[in-house]
Amino acid sequence: MTPAPPIPLLRVAGTYAEVGAAIGVARRETIARECDTASWTLPAGRSIPEQLALADRYAAVTRPIMPWLFDELDGCAEAVGVDPRALWACCIEEIWYEPRTAGVPGAAIAGRCSDLVAVAPATADGHTLTAHNNDMSRRYQHDLIAIERTCDDDPTILTIGNGIWISVGWNDEGLNLTGNELSPNDERIGIPREIQVRAMLRERTLRGMVDVALHPQRASSYNNVLVDATGAVANVEGSATSAEVTSTDDDGHLVHTNHYVCGSMLAFEGDPEYAGLSGRRYTRAAELLAAAPTGSITMDTLHGFLSDHEQAPDSLCRHEAEGRTTVTAFWCVADVTDGVVRYGAGNPCDSDPQEYRFATGA
């Protein structure tokens, strides 16, 4: 199979508005398409004006807390020539599907992702390593871009996502953010989970990232896998109103996929049917880490784990299959200690690796 084309890398710096504008220029087609209200597919019974009005309610909560964010988004909207309200609405994942209700199974989540973390004593050199498969559509894959951005006095950030939207990221303070979409059944008006990701990457400490993930006015939550270069790990398994923070086990391993694992969070599972499928990837990833001898895991080891096809089609490396809408759109492995990120478009089993290095390792 021919490897997918490489993910382009954009480097931008300046004020938030300038950075937003530069991203808009670079990804004009993607952002314009997503902001075209005539093409929107909305939850049943909701009109476009109602969707924008609902988005305004999220903005009313978020703007006083994160005013810098709207400078970035407004700069992007102006550069692309789209309605800033429409761009903002496209940043709120919580408003694009039928509301989830406690005790009532919801539709399967759109994004399926797998995360593995290995720290000492599991790793060969004692470094802190992370790995992530991002499972989305091939269209999402075609829109991928890696962005290095420095806004004002913030840390320099590397992100991978599509358009202005972020799936994973790192910064030059030695911080790593990956994670998994969940199906919390207590979502509410608040700071959108996608926006929390952008805000966490501005932080300079793991504690700061955790505080953002646990913000009391959050609308919902991803499972956020937060790691720093010293080997500290905070896995924030959250919902809108609750969360549990865990770390690696005694062997230096952590795994997470797309369902609630912590006992205190099981009641917030909004898609129990899909949780069983997610559990197959979770179990397999845990088996792979557990089978690796102590002190043996490297970046190449984790890349190999991401390429695993056991239990296909519900494998860690997900390919096209009948009735499937999601595949592995990109992958990444990071040595957080050294500030090195390897990544690639498409499936990790047949992708040409790209590499990014922060100017100095943390």
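How many aromatic pairs does the structure hold? In this predicted model, there are 4 aromatic pairs. One of them joins Tyr-16 and Trp-68, whose rings lie 5.3 Å apart from centre to centre. Their planes meet at 40°, and the pair is tilted. Tyr-16 belongs to helix α1 (residues 16-26) and Trp-68 to helix α4 (residues 67-80), so this pair ties together parts that are 52 residues apart in sequence. Tyr-16 and Trp-68 are both buried.

Another aromatic pair, also tilted, is made by Phe-70 and Trp-88, with 4.8 Å between the ring centres and 45° between the planes. Here, too, distant parts of the chain are linked: Phe-70 sits in helix α4, Trp-88 sits in helix α5 (residues 84-89), and the two are 18 residues apart. Is Phe-70 buried or exposed? Its relative accessibility is 4%, so Phe-70 counts as buried, because buried means under 20% relative accessible area. Trp-88 has a relative accessible area of 4% and is therefore buried as well.

Rings from these pairs also have charged neighbours. The charged end of Arg-63 sits over the ring of Phe-70, at 4.0 Å from the ring centre. Over the face of Trp-68 lies Arg-202, 4.1 Å from the centre of that ring. Trp-68 thus takes part in the pair with Tyr-16 and has Arg-202 over its face, while Phe-70 pairs with Trp-88 and has Arg-63 over its ring.

Attention now turns to helix α8. Why is helix α8 (residues 206-213) largely enclosed by the rest of the structure? Of its 8 residues, 6 are buried, and the helix is therefore largely enclosed. The buried residues of α8 are Leu-206, Gly-208, Met-209, Val-210, Val-212 and Ala-213. The cover over these residues includes two strands that follow the helix in numbering, β8 (223-228) and β9 (233-238), along with β7 (175-180) and helix α7 (193-200).

Strand β9 appears again in the second largest pocket, where β9, β11 (253-256) and α9 each supply at least two residues of the lining. This pocket has a volume of about 220 Å³. Which residues lie closest to the centre of the pocket? Among the 16 lining residues, the closest to the centre are Ser-247, His-253, Leu-254, Val-255 and Tyr-282. Sorted by class, the lining contains 8 nonpolar, 5 polar and 3 charged residues.

Helix α9 (residues 272-291) is also the place of Ser-278. With a relative accessible area of 0%, Ser-278 is buried. Leaving aside residues up to four places away in sequence, Ser-278 touches Thr-257, Asn-258 and His-259.

A final residue to look at is Thr-328, found in strand β12 (residues 327-335). Thr-328 has 0% relative accessibility and so counts as buried. Which residue lies 192 places from Thr-328 in sequence but 6.3 Å from it in space, C-alpha to C-alpha? That residue is Met-136. When residues up to four places away in sequence are not counted, Thr-328 touches several stretches of the chain, including Asn-133, Asn-134 and Asp-135. Its contacts also include Leu-316, Cys-317 and Arg-318, as well as Gly-346, Asn-347 and Pro-348.

Technical notes. Residues are numbered from 1 along each chain as its sequence is written. This is a predicted model: local features need pLDDT of at least 70, side-chain atom pairs count only at pLDDT 80 or more; totals for chains, interfaces and linings use all residues. Side-chain values use heavy atoms; hydrogens and water are left out. Helices (H or I, at least four residues) and strands (E, at least two) are DSSP runs, numbered from the N terminus. Buried means under 20% relative accessible area, exposed over 50%, partly exposed in between (1.4 Å probe, protein chains only). Contact means heavy atoms within 4.5 Å. On a 1 Å grid over the protein atoms alone, a cavity is a set of points where a 1.4 Å probe fits but cannot get out, and a pocket is an open set with protein on both sides within 12 Å along at least five of seven lines; lining residues have an atom within 4 Å of a point. Grid points are joined across faces, edges and corners, and a volume is the space filled by probe spheres set on the points. Ala, Val, Leu, Ile, Met, Phe, Trp, Tyr, Cys and Pro count as nonpolar, Asp, Glu, Lys and Arg as charged, and the others, Gly among them, as polar. Rings of Phe, Tyr and Trp (its six-membered ring) pair if their centres lie within 6.5 Å; planes under 30 degrees apart count as stacked, over 60 as edge-to-face and the rest as tilted. A charge sits over a ring if NZ of Lys or CZ of Arg is within 6 Å of the ring centre and within 35 degrees of the ring normal.
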